[in-house]
Amino acid sequence: MRKIIHVDMDAFYASVEQRDNPDLRGKPVAVGGSAARGVVAAASYEARAFGVRSALPSVTAKRRCPDLVFVKPRFDVYRSVSAQIHQIFAEHTDLIEPLSLDEAYLDVTENKQGIAFATEIATIIRARIKEVTGLNASAGISYCKFLAKMASDLNKPNGQAVITPKMGPAFVADLAVKKFHGVGPATAEKMQRLGIVTGADLRQKPLAFLRDNFGKSGGWYYRISRGIDERPVQPDRPRKSIGAEDTFAADIFELEAARAELISLAEKVWRHAENKQISGRTVTLKVKYADFQQITRSRTVGQNMRSASDIAGIANVMLTEVFPIQKGIRLLGITLSSLGESSDGIREPQMSLL
């Protein structure tokens with residue numbers, strides 16, 4: 001039986017800002033842009049009490065919380081603090097799977113300090129994080145990643161919870177499927193139409209039914225409804241994609257203006273790819289309209305991209321297909337996926353994929 005800990009920092013970006021600026025402590029804080037086109041990247045717990053959350057338009061956030069204080073993000077600081085936190089993790093195990101700057105899975109079944117109980121390790125880690133960074137962390141402890149993730153939300157902020165093997169199936173049965181990690185709003189709505197509201201409802205559905213309605217994910221839903229998750233903690237979890245996006249100060253209505261933005265985004269994605277010495281075969285275009293409706297389009301080619309112009313060219317083909325438009329575009333994004341290592345030849349002058 002494995003012992004898995006999921007550590008999740010509490011309101012990480014906002015907490016770092018409150019730590020570094022005493023004037024922000026106790027106040028509702030949003031990390032992100034305060035301009036009319038801005039979006040909240042993170043919100044303090046004081047702000048969350050007003051319904052302010054990440055990805056919320058700044059205008060809406062300010063309407064919900066008139067006293068909201070906006071702070072520009074400092075990702076270099078967040079990365080530095082994250083490195084300190086991961087050093088603390090490494091004091092206990094090398095089996096660390098980062099999910100983002102502020103959360104990670106740890107497999108402590110066999111740990112460096114020989115501590116028998118994962119709950120004790122989680123307590124030590126949270127206390128050490130507080131000592132080193134001054135920040136609070138929450139933790140979930142269980143026998144699998146899915147339940148450790150769910151447990152870390154139970155006693156937030158600054159708490160921890162454990163779901164034992166005996167508790168697992170009953171915990172999942174009582175939980176609303178819309179709260180399952182990995183079940184988004186669209187999937188939850190589809191499940192509700194099929195009469196699936198709780199984990200118990202999900203468990204009643206045969207495997208064939210779930211596969212017919214949810215494809216490959218059907219097998220995953222079948223297993224987690226029974227509290228089964230055999231995924232290992234992967235220290236070297238491969239990167240699946242590289243992306244960049246931009247929200248514009250004014251909506252874009254003309255194709256040429258949108259094409260110009262794509263060139264800048266493609267160059268940004270390509271710089272990231274070159275820095276990582278990887279490339280990819282799939283380009284995904286993201287378009288968000290003025291009314292926040294969002295569409296995506298993807299194309300996969302037979303070989304890795306060789307330049308920013310390859311990425312921009314494929315994205316441009318997909319962009320052209322969505323024009324003419326009836327409403328303005330507020331955001332464009334490009335993602336490169338189907339990644340693999342680049343070769344030295346990738347930087348040599350070659351004929352374009354297009």
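The paragraphs below lead through the domains of this predicted model, one domain interface, selected side-chain pairs and several backbone features.

The domain assignment divides the protein chain into four parts. Domain 1 is made of two segments, residues 4–11 and 76–163, and domain 2 covers residues 12–73. Further along the chain, domain 3 spans residues 172–225 and domain 4 spans residues 241–341.

The interface of domain 1 and domain 3 may be taken next. The centres of these two domains, computed over C-alpha atoms, are 28 Å apart. Contact between them involves five residues of domain 1 and seven residues of domain 3. Together the two domains bury about 470 Å² against each other, and carbon and sulfur atoms account for 88% of that area. On the side of domain 1, the residues that lose the most area to domain 3 are Phe-146, Lys-149 and Met-150, which together supply 87% of what that side buries. Helix α6, residues 145–151, gives the most to this side, with four residues. Sorted by class, the side of domain 1 that touches domain 3 holds four nonpolar residues, one charged residue and no polar residues. Which specific polar interactions cross the interface of domain 1 and domain 3? The rule finds zero salt bridges there, and the count of residue pairs in polar contact, with both residues at pLDDT 80 or more, is likewise zero.

Attention now turns to side-chain pairs in the structure as a whole. A pair of aromatic rings is described by the distance of the centres and the angle of the planes. The search finds eight aromatic pairs in the whole structure. One of these is formed by Tyr-13 and Tyr-78, which are stacked, with 4.3 Å from centre to centre and 10° between the planes. Because Tyr-13 belongs to helix α1 (residues 12–20) and Tyr-78 to helix α4 (residues 75–90), this pair ties together parts that are 65 residues apart in sequence.

Side chains of opposite charge can pair when their charged atoms come close. The whole structure contains 16 salt bridges, among them the one between Arg-74 and Glu-17, at 3.0 Å from N to O. Arg-74 sits in the loop between β4 (69–71) and α4, whereas Glu-17 is in helix α1, so this salt bridge ties together parts that are 57 residues apart in sequence.

The backbone also has features to examine. Most residues other than glycine have a negative phi, and most peptide bonds are trans. The bond from Lys-156 to Pro-157, however, is cis, with omega near -5°, and Pro-157 lies in the loop between α6 and β8 (160–163). Phe-323 and Pro-324 are also joined by a cis peptide bond, with omega of about 0°. Pro-324 is placed in the loop between α13 (308–322) and β12 (329–341). Gln-277, a residue other than glycine, has a positive phi, near 55°. The loop that holds Gln-277 runs between α12 (255–276) and β10 (278–289).

Definitions and conventions. Residues numbered from 1 in each chain as written. Predicted model: local features only at pLDDT ≥ 70, side-chain atom pairs only at ≥ 80, totals over all residues. Heavy atoms only, no water. Domains from an automatic or database assignment. Contact = heavy atoms within 4.5 Å. Buried area = accessible area lost by both parts, 1.4 Å probe. Salt bridge = Lys/Arg side-chain N within 4 Å of Asp/Glu carboxyl O. Polar contact = N/O pair within 3.5 Å; in protein donor to acceptor, adjacent residues only side chain to side chain. Helix = DSSP H or I, 4+ residues; strand = E, 2+ residues; numbered from the N terminus. Nonpolar A, V, L, I, M, F, W, Y, C, P; charged D, E, K, R; others polar. Phe/Tyr/Trp six-rings, centres within 6.5 Å; stacked < 30°, edge-to-face > 60°.
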